[in-house]
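Here is a friendly tour of one protein chain and its ligand. Keep the structure open beside the text, and follow along as each part comes up.

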Amino acid sequence: MTELPANTSRSITEETVEMSADEKFLFDLVGFVVVRDVLSKQQLELANAAIDSLELTQSPEYFGESTALKGENRSTRLSSSGSLLELPKPFCDPFREMLAHPNTIPHLNTILGEGWRLDHGPGLIAMDKGCSGGMLHGNFDNAPYFYREGKIFTGLCVIEYLLADEGPGDGGVSVVPGSHKANLACPKKMLRWERYQEYVTEVNAKAGDAVIFTEACTHGTLPWKADHQRRAILYKYNAGHMSWGGGGMSGPLPEYWDDLTESQQAALLLPSHHSRRPKQSNGYQGLDAIKESA
Ligand SMILES: O=C(O)CCC(=O)C(=O)O
């Protein structure tokens, strides 16, 4: 009998444009990779001008109980309200270009297979000096990581386009290299960055670079210490096969909707809504809210 390769869905074929063998090695080794000079000078300038034109809003804080991640409290984490993809022209252009950027498409192809899709985003993280960091996290059930017969298998994967430099000692995005293959739960004190800081790597990269990581790799945000404002745009992608058949509700609710039990309704919902699927643990209040968007 012919042995079938692991990639039976043919999500990677001989024609697939992939990231380099070195990048694939590094990504598999540590769970992230930095791609240099992804954005052109024009894209970078326009994206920054777009952010300058916005009134940034305060975003939730994510440092939790951590005393180490709490900044000097001189500023708060900022974000943009509304979709960056829907900004007036030409401001929307660089964000639409980043959505499927020729310089990072090869990476998504290798990591998620062709057919990858935007799961959520793009979102802005802006931090001024003194801003608190965010708890380390990773290893979601939505983002496993394994490698078989030449193919990476993972889930939620982040491309973080830097619009400002993140240099040594500045803080910002950080990872625990290799943790995407960890078998044991990360100690709470490490997640709070209160212990084992020497195992946490502050990722340094320049404006225009892209930091790509799987959410399976434990990562977080270190308090921002630089004089300039941190600016990163995050796009979160998922493997296309996470909703293989594309089934579920897409049009108006069927007439028999109200005859169904909540579990039956939940089974009919659109795929790819891992964090919003109706479960007690989500504080699920009923299907009414979802009904409106169905
Ligand atoms: O860039 C950062 O500060 C980390 C972002 C993060 O934790 C996430 O996207 O889950």
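## Two cis prolines

Pro90 sits in the loop that runs between strand E3 (78–79) and H3. The peptide bond leading from Lys89 into Pro90 is cis, and its omega is near 5°. Please bear in mind as you look that this is a predicted model.

A second cis peptide bond joins Gly121 to Pro122, with omega near 0°. Pro122 belongs to a strand, namely E4 (residues 117–127).

## The chain as a whole

Stepping back, you will find seven helices and 13 strands in the protein chain. Of its 294 residues, 35% are buried. Among contacts with a separation of 6 or more, 85% are between residues 24 or more positions apart.

## Where H2 meets H3

Helix H2 (residues 41–52) and helix H3 (residues 92–99) have axes that come within 8 Å and cross at roughly 120°. The two helices are therefore oblique to each other. The crossing in which H2 passes H3 is left-handed.

Which residues meet here? From H2 come Gln43, Leu46, Ala47 and Ala50, and from H3 come Asp93, Pro94, Phe95 and Glu97. Sorted by character, the residues of this contact are five nonpolar, one polar and two charged.

## The shell around the ligand

Now turn to the ligand. Its surroundings are formed by Ile125, Gly134, Val158, Glu160, Gly172, Val173, His219, Gly220, Thr221, Ala232 and Leu234. By character, the shell divides into five nonpolar residues, five polar and one charged.

Several strands contribute to this shell. At least two residues each are supplied by strand E8 (157–162), strand E9 (172–175), strand E12 (219–222) and strand E13 (230–238). Which strand gives the most? That is E12, with three residues.

## Thr218, in the loop leading to E12

Thr218 lies in the loop between strand E11 (210–214) and E12. Is Thr218 buried or exposed? Thr218 is buried, because 24 other C-beta atoms lie within 10 Å, and 20 or more are enough to count as buried.

Thr218 also brings together parts of the chain that are apart in sequence. Thr218 and Ser179 are separated by 39 residues in sequence, yet their C-alpha atoms are 5.8 Å apart in space. Setting aside neighbours within four places in sequence, the contacts of Thr218 are Leu136, His137, Gly138, Asn139, Val175, Val176, Ser179 and Cys186.

## Two residues with positive phi

Asp37 is not a glycine, but it has a positive phi of about 50°. You can find Asp37 in the loop between strand E1 (32–35) and H2. With 13 other C-beta atoms within 10 Å, Asp37 is partly exposed.

Tyr196 also has a positive phi, near 60°, in a residue other than glycine. Look for Tyr196 in the loop between helix H5 (188–191) and strand E10 (201–202). Tyr196 counts as partly exposed, because it has 13 C-beta neighbours inside 10 Å; a residue would need 12 or fewer to be exposed.

Notes. Residues are numbered from 1 along each chain as its sequence is written. This is a predicted model: local features need pLDDT of at least 70, side-chain atom pairs count only at pLDDT 80 or more; totals for chains, interfaces and linings use all residues. Axes are lines fitted to C-alpha atoms, for helices over the stretch in contact, and angles run from 0 to 180 degrees between N-to-C directions. Helices (H or I, at least four residues) and strands (E, at least two) are DSSP runs, numbered from the N terminus. Angles under 35 degrees count as roughly parallel, over 145 as roughly antiparallel, 65 to 115 as roughly perpendicular and the rest as oblique. A crossing is left-handed if the near helix is turned anticlockwise from the far one by less than a right angle, and right-handed if clockwise. Two residues are in contact if their C-beta atoms, placed from the backbone, lie within 7 Å. Ala, Val, Leu, Ile, Met, Phe, Trp, Tyr, Cys and Pro count as nonpolar, Asp, Glu, Lys and Arg as charged, and the others, Gly among them, as polar. A residue is near a molecule or strand if its C-beta atom, placed from the backbone, lies within 6 Å of it.
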